[in-house]
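Grab a pencil and work through these exercises with the model open beside you. Each one sets a task and then walks through a solution.

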Amino acid sequence: MQKYRILWADDEIDLLKPHTLFLEKKGYEMVTVNSGADAIEQVETQVFDLIFLDENMPGMTGLETLDYIKSSKPNIPVVMITKSEEEMIMEQAIGAKISDYLIKPLNPNQILLSIKKILDNRRLVTEKTNMSYQQDFRNLSMAYSDNIGHEEWVEIYKKLIFWELEINNTEERSMSEVLDNQKDEANSNFARFISDEYYSWLNEVGVDKPLLSHELMVKRIFPQLKEQPVFFILIDNLRFDQWKVIEPIIADYYTVEEESAFYSILPTTTAFSRNAIFSGMLPSDMAKYHSDIWVGDDQEEGKNNHEFEFLKRQLKKNRLDIKSSYHKIIRTEQGKQLMDNVTNLLNNDLNVVVYNFVDMLSHARTDMEMIRELAPDESAYRSITKSWFLHSPLLDLFKRLAREPIKVIVATDHGTIRVKRPVKIIGDRNTNTNLRYKQGKNLNFDSNKVFAVRKPEELFLPRLNVSTTYAFATQDFFFAYPNNYNYYVNYYRDTFQHGGVSLEEMIVPLVTLSPKNA
């Protein structure tokens, strides 16, 4: 165990000798003083890992000593000790960022617990987390090896995310590689599950199936309109793990009524999955019934320019004569303008807000070396997402809406996965450019690493010509052409992509929030 040095300041320090001897036997080096002035002198000349500070000392009080120590050595944890349970003293001490608060008479084990909580926290958390994950490892492996359904896959994915976030908070992250291998194995099994079940979800009546993109509005958003105004906030490209890191921030203002998931349709891209949400249709039906606003892979026009029109047509189809708005936020100024207009929006029944930042982050990470350096892995990617959210107009919007008697629903259109392994594919010059799915004629690829769809109409995908095939990359594979193969692979490996079949791309968050202080 690391040798820790502890300073203890108390005007009755001699009476505390049994406690200091107890801590010395536990391996801690103790330095004792009987005044605030002596404590400050020690702090200025020596290095300490922790300070115990009596609040009620003659001369310089504990709170005055605390203020001085925090101004000169803000990173030293301080435990305030007092005989008083007066609320004002507690609040002052907590406001000065103490690490713990103990009330006399002291118990040796109470003191030891406080020390371990502060100084040994990360080591103890690491040991417990690693042990618990190892115990759960076999349960998870057995679960996704069985013949399970879509709900079980959601629970498995949530459990993997839970362990990923827990392990991320441990020292050295020694179990990360084991977890990465388990996630890859889970994704391999998930790809087989989608290959076996996806057709029946779209074609068979009465089959047990998950909520899919094109059903989201009619099954989960529209029913909420009967009770109160709804703000539907869609954060593009938001993975479940990214939701979990911003959830604690939102939880300060909202009660999470329900945290569930739905499955993004294939391909897991804006053109298909997000347009399916707003149109309430699968892609081939969009192309058939809304040919005036549907933009296919063979067209250069932006694929998400008609979302509000899709939404208005879906509202009309469902005979919902309501007041609605749609806002797409790409730049910070647009987010601020939306904030300025919130009072007016509260008169609407439905307000849809699409935030594109997370999607732009994934693309920027591909194209900009600096972003790659800032976000080399999933952990850093989550960290950037959280940092953006903390300083974004979106958080300001959440705070503002938290004062109103409304419902807020948060979702996304699809997730994203960090691609690591290339799979060669050959196609003609009209084949689309997405790295996780390809649509074209005469596609040639390794079918063991790809979910291939030879009859697109069976999965309600538009067919551009009689020989159109769709190929979806699974696990963490990405497509690469043989021409200039090495450059292409080196450039795109370890980038975040979407369009294919993986837990990260297909199982996405759907969260219903109620303001706490409306």
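Buried means under 20% relative accessible area, exposed means over 50%, and partly exposed is in between (1.4 Å probe, protein chains only). The model is predicted, so to speak up front: local features need pLDDT of at least 70, side-chain atom pairs count only at pLDDT 80 or more, and totals for chains, interfaces and linings use all residues. Residues are numbered from 1 along each chain as its sequence is written, and side-chain values use heavy atoms, with hydrogens and water left out.

**Exercise 1.** Place Thr82 and decide: buried or exposed?

Step 1: find the element. Thr82 sits in strand S4, residues 78–82; strands (E, at least two residues) and helices (H or I, at least four) are DSSP runs, numbered from the N terminus.
Step 2: check the accessibility. Thr82 has 1% relative accessibility, so it counts as buried.
Step 3: list the neighbours. Leaving aside residues up to four places away in sequence, Thr82 touches Asp54, Glu55, Tyr101, Leu102, Ile103 and Lys104, where contact means heavy atoms within 4.5 Å.

**Exercise 2.** Track down two cis peptide bonds and the loops that hold their prolines.

Step 1: pick up Lys104 again, a contact of Thr82. A cis peptide bond links Lys104 to Pro105, with omega about 0°.
Step 2: locate Pro105, which is in the loop between strand S5 (100–103) and helix H5 (108–119).
Step 3: go on to Leu266 and Pro267, whose peptide bond is also cis, with omega near -10°. Pro267 belongs to the loop between strand S7 (254–263) and helix H11 (270–279).
Step 4: put this in context. Most peptide bonds are trans.

**Exercise 3.** Work out where Arg173 and Asp494 lie and what sign their phi angles have.

Step 1: recall the background. Most residues other than glycine have a negative phi.
Step 2: take Arg173. Its phi is positive, near 50°, and Arg173 lies in the loop between H7 and helix H8 (176–203). Arg173 is partly exposed because its relative accessible area is 33%.
Step 3: take Asp494. Its phi is positive too, near 70°, and Asp494 is in the loop between helix H20 (485–492) and strand S18 (496–497). With 29% relative accessibility, Asp494 counts as partly exposed.

**Exercise 4.** Which helix holds Glu152?

Step 1: look at H7, residues 150–168, where Glu152 lies.
Step 2: check its cover. Glu152 is at 40% relative accessibility, so it counts as partly exposed.
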